[in-house]
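Thank you all for coming; today I would like to walk you through one structure, slowly enough that every term is explained when it comes up. Please keep the picture in view while I talk.

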Amino acid sequence: FAMVTIEVAGQALTLLPQKAALLPDSRTLLIADAHIGKATSFRALGVPVPRGTTSETLAALSDLIARHEVQRIVFLGDSAGGNLALVTLHRARRAAQALPACAVLLSPAVDCTLESRSIVDNEELDPMLSLPNLMVLRRRYLSSPALYADPDVSPLFADFAGLPPLF
């Protein structure tokens, strides 16, 4: 796969084959659905997934950072990817790791309790997060109702202090 550079709003945007994009003028790397720690989280919840995926993802990310002399990283995530982006930010902050410049979250699934009134109120406005879709996601993601309010799976219940800007 090759890199492709396009112009968006007067800025060069390089589309990379690694599910990433680069704003070369500001040396900003945009990462979509990084899935960092996803396999570990799923295995802890009893879901069998291959080992080594986080190492591979981090190695690919490190390669992109070095190759393009990246100065800033922005995580992008939608639905379950938005959930994973938030969980990754919380875990990185707890581990005192460097945080990205910001995170862009599109319809993030943040409440596995499904008790938020906004789920029903916004159902017609947000087709990604309909209650039936969220119920399927929760059933596939979590093995036990005891985990529904765990901040590592429902970031709505986590502490947002010290996180980068969220959009």
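**From one serine to the whole sheet**

Let me begin with Ser107, which counts as partly exposed at 22% relative accessibility, where buried means under 20% relative accessible area, exposed means over 50%, and partly exposed lies in between, for a 1.4 Å probe and protein chains only. Before going on, I should say that this is a predicted model, in which local features need pLDDT of at least 70 and side-chain atom pairs count only at pLDDT 80 or more, while totals for chains, interfaces and linings use all residues. Residues are numbered from 1 along each chain as its sequence is written, and side-chain values use heavy atoms, with hydrogens and water left out.

Ser107 lies in strand S6, and its phi is near 50°, a positive value in a residue other than glycine. When I say strand or helix, I mean a DSSP run numbered from the N terminus, with at least two residues of type E for a strand and at least four of type H or I for a helix.

Now, where does S6 sit in the sheet? The sheet is open, with six strands in the order S1-S2-S3-S4-S5-S6 and mixed pairing, and its edge strands, each pairing on one side only, are S1 (4–8) and S6 (102–108). From one strand to the next, the twist averages 20°; the angles in this talk run from 0 to 180 degrees between N-to-C directions, and axes are lines fitted to C-alpha atoms, for helices over the stretch in contact. Strands of a sheet pair through backbone hydrogen bonds, either parallel or antiparallel, and here two strands are said to pair if DSSP finds at least two bridges between them.

Starting at the S1 edge, S1 and S2 (residues 11–16) pair in the antiparallel sense over five bridges, with Ile6 opposite Leu13 and Val8 bridged to Gln11. These two strands form a hairpin with two residues between them, and Ala9 in the turn has a positive phi of about 50°. Further along, S3 and S4 are also antiparallel, over four bridges, with Leu23 opposite Thr28; four residues separate them in their hairpin, where Arg27 in the turn has a positive phi of about 50°. S4 and S5, by contrast, pair in the parallel sense over five bridges, and Leu30 in S4 stands opposite Val74 in S5.

Why is S4 described as largely enclosed by the rest of the structure? The reason is that four of its five residues are buried. Ile31 shows its surroundings well: leaving aside neighbours within four places in sequence, Ile31 is in contact (heavy atoms within 4.5 Å) with residues including Ala20, Leu61, Leu64, Ile73 and Phe75.

That brings us to the nonpolar cores, each a set of buried Ala, Val, Leu, Ile, Met, Phe, Trp, Tyr and Cys residues joined through side-chain atoms within 4.5 Å. The largest has 16 residues, and those with the most contacts inside it are Leu16, Ala20, Leu29, Ile31 and Leu64. Among the elements giving two or more residues to this core are S3, S4 and H2 (53–67), although the largest share, three residues, comes from H3. Helix H3 (residues 80–94) lies across S5 (72–79) and S6, running at about 140° to S5.

After S6 comes a loop leading to helix H4 (117–121), and Val110 is found in this loop. Val110 is partly exposed, at a relative accessible area of 21%, and its contacts beyond four places in sequence are Leu86, Ser154, Pro155 and Leu156. Leu114, in the same loop between S6 and H4, counts as buried at 16% relative accessibility.

Let me finish with helix H5 (residues 131–141), whose buried residues are Leu134, Arg138 and Tyr141. Seen down the axis of H5, these fall within an arc of 75°, so they line one face of the helix, the arc being that of the directions from the helix axis to the C-beta atoms. On the other side of H5, Arg139 and Arg140 are exposed.
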